[in-house]
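Visitor: I have a model with a ligand in it, and I would like to know what stands behind each label. Could you take me through it?

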Amino acid sequence: MVDVGIVGVTGYTGQELIRILLNHPEVRISGLFSKSSYNKSIQSVFPEFASRLDLVCVKPDIKDICAKCDLVFLALPHTVSMKLVPSLLYAGKKVIDLSAAYRLKDVKDYAKFYEVKHKDISGLKEAVYGLPELYRNEIKAARLVANPGCYPTAAILSLAPLVAFNIADFSSIIIDAKSGVSGAGKKMVEAFLFSEVNEDFRAYKVGVHQHTPEINQELSKLGGKKINVVFVPHLLPLNRGILETIYVKKDKKGRGRGKDLIELYKKFYKKEPFVRIRAEGQLPKIKDVVGTNFCDIGIKEDGDNVIVISAIDNLLKGASGQAVQNMNIMYGFREYTGLL
Ligand SMILES: NC(=O)c1ccc[n+]([C@@H]2O[C@H](COP(=O)([O-])OP(=O)(O)OC[C@H]3O[C@@H](n4cnc5c(N)ncnc54)[C@H](OP(=O)(O)O)[C@@H]3O)[C@@H](O)[C@H]2O)c1
């Protein structure tokens, strides 16, 4: 049994982690850490856990976290994660950080898009980007996993085969992304109030969204040269779920190679338990994946244009589900344990 703790447990991803881990046969939830709800029972915070989890939330004190846990999920804002990670690693703990603190390898990008200086360069060097489909071997040996962002998870999985096999014209990638409101977390912000979001639909952070450098970083690594995508996020009047419509032109040299793209995607993800490629003419929708850890991908060719449509649950494959998938890999459990 692995003893796991969740820090920042009263947020959306913390709640999802409890839901998943309660059904995981190899782990015990040994500590719930909360700044806002310490001394409260988790059942009083989330009545859905009554009769299922009898724990009281405690303050996120490093000594206490280390005494109770082998592995710690940090479901926190990135600046808060960065304060805890060095001490947790020093104490020999494994960490899966759901925030953006350790995702961007270029500290200049981090400073530009998150408007704060990075304070843990050694942790940043050590961190493994936790996208199992691309980094499974590195995750196996990792002490610190930087769990990917929700939009980047869908975007990178949608584009990886086209980039890895040089089928895409790298300068042509446009990602039109839409997310439900839980993607922004639980904080009180006027723009996310029910009456602001309901029956409306809008683009936001165009050209400045913090997930843009994360997508660029991973696609550039895969393609072997610098890739700058156009990324436009939108806010959907839904609780959860992401749908991305991605437009790519085929590279001149890549045209012959991409004859049957659906087959190529199926081969690329043949051994992946959580990527489902749709048959010709079938496209994913948000309802197909909400409540699951799957990323569903549909592909349509239109002359030299390729349109890729993908859907994930932002709180599962885009956050807590992927975090548990990473934990399973780190401990050598079956990758889908607790997730199917
Ligand atoms: N929501 C998503 O779809 C999603 C997807 C991928 C990644 N992420 C990332 O995962 C992390 C958690 O996301 P979330 O959606 O769960 O956010 P959230 O609902 O806003 O929860 C974050 C939790 O962190 C704790 N916290 C907040 N401010 C704090 C502070 N100043 N000091 C200490 N603790 C603080 C609070 O929990 P306590 O009071 O219980 O400590 C809060 O409930 C974020 O970094 C987010 O960017 C989220």
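**Two domains and a ligand**

Guide: Gladly! This is a predicted model, and in it 22 residues of domain 1 are in contact with 25 residues of domain 2. Contact here rests on heavy atoms within 4.5 Å.

Visitor: Which parts of the chain make up domain 1 and domain 2?

Guide: Domain 1 takes in 2-147 + 319-330, while domain 2 covers 151-312. Their C-alpha centres are 25 Å apart.

Visitor: Why is the ligand said to lie between them?

Guide: The shell around the ligand receives residues from both domain 1 and domain 2, so the ligand lies between the two.

Visitor: Which residues come nearest to the ligand?

Guide: There are 25 residues around the ligand, and T10, S34, K35, S36 and L76 come nearest. By class, the shell holds ten nonpolar, twelve polar and three charged residues.

Visitor: What makes the approach of A75 to the ligand a polar contact?

Guide: A polar backbone atom of A75 is 3.5 Å from an oxygen atom of the ligand. The limit is within 3.5 Å for a pair of N or O atoms, so this pair counts. For Y12, a backbone N or O atom lies 3.0 Å from a ligand oxygen, and for L76 the value is 2.7 Å, again from a backbone N or O atom to an oxygen of the ligand. The protein covers 79% of the 880 Å² of accessible area that the ligand has on its own.

Visitor: What kind of space does the ligand take?

Guide: The ligand takes up the largest pocket.

Key. Residues are numbered from 1 along each chain as its sequence is written. This is a predicted model: local features need pLDDT of at least 70, side-chain atom pairs count only at pLDDT 80 or more; totals for chains, interfaces and linings use all residues. Side-chain values use heavy atoms; hydrogens and water are left out. A residue is near a molecule or strand if one of its heavy atoms lies within 4 Å of it. A polar contact is a pair of N or O atoms within 3.5 Å; within protein, one must be able to donate a hydrogen and the other to accept it, and residues adjacent in sequence count only if both atoms are side-chain atoms. Accessible areas come from the Shrake-Rupley method with a 1.4 Å probe; for residues, only the protein chains shown count as cover. On a 1 Å grid over the protein atoms alone, a cavity is a set of points where a 1.4 Å probe fits but cannot get out, and a pocket is an open set with protein on both sides within 12 Å along at least five of seven lines; lining residues have an atom within 4 Å of a point. A molecule sits in a cavity or pocket if more than half of its atoms lie within 2 Å of its grid points. Ala, Val, Leu, Ile, Met, Phe, Trp, Tyr, Cys and Pro count as nonpolar, Asp, Glu, Lys and Arg as charged, and the others, Gly among them, as polar. Domain bounds come from an automatic or database domain assignment.
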